[in-house]
Amino acid sequence: MAERRAHPWARPKLAGLLAVLLLAMTAAPTPAAAAEPSVSAVRLGQHPDKTRFVMELSAKTPYEVFTLSNPFRVVIDLPQVDWRIPEEKMGDTHVGLVRALRFGLFSPTTSRVVLDAEAPVAIDKVFRLAPRENYPHRLVVDLKRVSQARFASLSDRRITSAEPLPKANRQERTPEPERGDTRPTIVIDAGHGGVDPGAIGVSGTYEKDIVLDYAKHLGNLLESTGRYRVVLTRKRDIFLRLRERIRLAQEAEGDLFISLHANTHGSGKIRGASVYTLSETASDKEAAQLAAKENKSDVIAGVNLGGQTKVVSQILIDLAQRETMNESKHFANVLVDELGQSVKLLNNTHRFAGFAVLKSPNIPSVLFEIGYMSNRQEEQQLLTASHRAKVNHQILDAVDSFFEWQEARRMR
């Protein structure tokens, strides 16, 4: 492929209301966390009058425990910890009132455990046990079933330790462009992360890990050309809210937003890559179901979706510009053409759905599903460096073609 030069242009940026709106939703930065305690085991136990959750830690740690609704969840926040839980120390994760649990980094200073409850629950007791015999430090949370009315009356209750948690720093920072740098900025978004693992493959592979690997490699590939400035929404295994991903892209003054994901399906036979762009009307039932699943990322991580979230989402939708959506569709079509040269694609490869992460009003955005982890053969292929390189080189070619098209339009 012939060498292409950098394109000396920049898209107009939407300022004012949007910038204020997005930046106002983030918290101020805080000092870095101290040395991390580690977690060596978690387990659930069913007792006659309660369900008990126990976590084993290397040190006494502060905590905050609270409940959320729609769906019913119990959230346990800790300082940043190192998760060192061997498989045999996990125990059964569907016990009593708890039907599932997950854990991971929630913010730069906070680790989180989320317990999905079968019904309305109340936090009966929270206490710590000092090391004894063969046990290290333990944090114990007892849960009891309650009526919906009782749950609602306790909705604002938070149980905290005497020692406060480090103040949460929700905001990841993006590097500012150097003065005079007119190269297009590509924002690469590795989906999921931290407490939200995303889809899980047939061999136990986490979507969050695969897409972060692809994102880092793609970022290095794009930067190596010298034609682009690259920003990754996350460079490590950390959870980001959907609206934070949009904010980071806006803050970076992005010219193109590529969100990387990997899919699963009830049928292990389905395989192939696909590209999605924003539409409030899904192109098919599967696209609608996938968008609904991806848009629940914040719920999975134990985020309270009350308050202004619905209003903010509606504002972002209302601000969406037709020109941006048209540019997104053009890039998606170019990307499909490039991928089709060497990567297996789904039928009807370019699809449309209401993905929250694609609702930036002035940045062309696509969501790229690199393949199906529910297909054993494709899952193994996605894990190879050769497939990663093949996919990312096709993305690079598509990015080059897209900005050449942009420059040609401007010169008319």
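This passage walks through a sheet, a helix, some aromatic contacts and the cavities of one structure. The model is a predicted one, and residue numbers start from 1 along the chain as its sequence is written.

A good place to start is the open sheet. Five strands make it up, in the order β5-β1-β2-β9-β8, and their pairing is mixed. At the edges sit β5 (82–83) and β8 (121–129), each of which pairs on one side only. Strand β1 (residues 38–47) runs parallel to β5, and two bridges join them. On the β5 side, Trp 83 is the bridge partner of Val 39.

Next comes helix α3, which covers residues 207–224. With 18 residues, α3 reaches 26 Å from its first C-alpha to its last, close to the 26 Å expected at 1.5 Å a residue. Quite a list of its residues is buried, including Ile 210, Val 211, Tyr 214, Leu 218, Leu 221 and Leu 222. It helps to remember that an α-helix has 3.6 residues a turn, so residues three or four places apart point the same way. Just after α3, Gly 226 takes a positive phi of about 80 degrees.

Then there are the aromatic rings, where the count comes to eight pairs. In one of them, Phe 72 and Phe 151 meet edge-to-face, 4.9 Å centre to centre and with 80 degrees between the planes. This pair ties together distant parts of the chain, 79 residues apart: Phe 72 is in the loop between β3 (64–68) and β4 (73–79), while Phe 151 belongs to helix α2 (residues 148–153). Both Phe 72 and Phe 151 are buried. Tyr 276 and Phe 355 also form an edge-to-face pair, at 5.2 Å centre to centre and 75 degrees between the planes. Here Tyr 276 comes from strand β14 (residues 273–278) and Phe 355 from the loop between β15 (345–353) and β16 (365–372), 79 residues apart. Tyr 276 counts as buried because its relative accessible area is 0%, and Phe 355 does so because its relative accessibility is 1%. Elsewhere, Tyr 228, Phe 331, Phe 402, Phe 403 and Trp 405 gather into one aromatic cluster.

Finally, what about empty space inside? A search of the whole structure turns up four cavities of 30 Å³ or more. The largest cavity has a volume of about 80 Å³. Its lining has 14 residues, and Leu 242, His 261, Glu 294, Ser 297 and Val 357 lie nearest its centre. The elements giving two or more residues to that lining are α4 (242–251) and β13 (256–263). By type, the lining of the largest cavity splits into five nonpolar, six polar and three charged residues.

Terms used
This is a predicted model: local features need pLDDT of at least 70, side-chain atom pairs count only at pLDDT 80 or more; totals for chains, interfaces and linings use all residues. Side-chain values use heavy atoms; hydrogens and water are left out. Helices (H or I, at least four residues) and strands (E, at least two) are DSSP runs, numbered from the N terminus. The expected span of a helix is 1.5 Å times one less than its number of residues. Buried means under 20% relative accessible area, exposed over 50%, partly exposed in between (1.4 Å probe, protein chains only). On a 1 Å grid over the protein atoms alone, a cavity is a set of points where a 1.4 Å probe fits but cannot get out, and a pocket is an open set with protein on both sides within 12 Å along at least five of seven lines; lining residues have an atom within 4 Å of a point. Grid points are joined across faces, edges and corners, and a volume is the space filled by probe spheres set on the points. Ala, Val, Leu, Ile, Met, Phe, Trp, Tyr, Cys and Pro count as nonpolar, Asp, Glu, Lys and Arg as charged, and the others, Gly among them, as polar. Two strands pair if DSSP finds at least two bridges between them. Rings of Phe, Tyr and Trp (its six-membered ring) pair if their centres lie within 6.5 Å; planes under 30 degrees apart count as stacked, over 60 as edge-to-face and the rest as tilted.
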